[in-house]
Amino acid sequence: MFDQPISRQDWIIIISVATAVYILLHILITFACVFCCRRMSTKKALNTKKPTPEKEISPNQIFYETLPFKGFKRPPSQVINRDSCVYADCDYADYADGPLSYNATSKLQAIHKKTEKEEK
């Protein structure tokens with residue numbers, strides 16, 4: 001039985017069976033690793049969660065923990081007034097209430113329209 005050389009067909013069968021077994025082993029090992037990793041991560045998640053009594057957590061703490069800007073710096077507490085601001089132009093007093101005094105301009109335009117209507 002062992003005296004005969006292995007034929008070409010026998011080699012093809014041996015190599016194809018070995019390849020199939022190799023592929024099946026890789027698939028089984030991959031599934032086992034994925035299953036074990038997920039199982040370990042769920043165990044860690046369950047172990048790390050510590051039940052806290054509801055008396056310790058106030059509604060304000062829960063509200064502030066879910067805000068998206070947690071960890072930002074507090075705004076400055078300085079009060080900014082017109083005297084402390086430096087304007088780009090030197091006529092900043094003209095801009096104290098805006099670039100134009102809108103109230104006076106609108107009154108002038110209303111008077112101008114009234115006089116135009118009276119003239120017609």
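What percentage of the 120 residues in the chain do buried residues make up? The figure is 1%, where buried means under 20% relative accessible area, exposed means over 50%, and partly exposed is anything in between (1.4 Å probe, protein chains only). Bear in mind that this is a predicted model: local features need pLDDT of at least 70, side-chain atom pairs count only at pLDDT 80 or more, and totals for chains, interfaces and linings use all residues. Residues are numbered from 1 along each chain as its sequence is written, and side-chain values use heavy atoms, with hydrogens and water left out.

**Overall layout**
- You get three helices and zero strands here, in the order α-α-α from the N terminus on; helices (H or I, at least four residues) and strands (E, at least two) are DSSP runs, numbered from the N terminus.
- About 12700 Å² of the chain is exposed, with carbon and sulfur atoms supplying 63% of that; accessible areas come from the Shrake-Rupley method with a 1.4 Å probe, and for residues only the protein chains shown count as cover.

**Start of the chain and α1**
- Ser-7 sits in the segment before α1 and is partly exposed, at 33% relative accessible area.
- The Ser-7 side chain makes a polar contact with the side chain of Asp-10, at 3.2 Å (a pair of N or O atoms within 3.5 Å; within protein, one must be able to donate a hydrogen and the other to accept it, and residues adjacent in sequence count only if both atoms are side-chain atoms).
- Leu-25 belongs to helix α1, residues 8-48, and is partly exposed with a relative accessible area of 45%.
- Leu-25 also helps make a nonpolar surface patch of about 450 Å², together with Ile-13, Val-17, Val-21 and Ile-29.
- Patches take residues with over 30% relative accessible area and no salt bridge, joining like charges within 9 Å and nonpolar side chains (Val, Leu, Ile, Met, Phe, Trp, Tyr) within 5 Å; a salt bridge is a side-chain nitrogen of Lys or Arg within 4 Å of a carboxyl oxygen of Asp or Glu.

**Cysteines**
- There are zero disulfides, meaning pairs of cysteine sulfur atoms within 2.5 Å.
- Cys-33 is in no disulfide, and its nearest cysteine sulfur, that of Cys-37, is 6.2 Å away.
- Cys-36 is in no disulfide either, its nearest cysteine sulfur being that of Cys-33, 6.9 Å away.
- Cys-33 is partly exposed at 43% relative accessibility, and Cys-36 is partly exposed with a relative accessible area of 43%.

**Helix α3**
- Helix α3 covers residues 102-119, and its end C-alpha atoms are 26 Å apart, which agrees with the 26 Å its 18 residues should span at 1.5 Å a residue (1.5 Å times one less than the number of residues).
- α3 is hardly covered, with zero buried residues among its 18.
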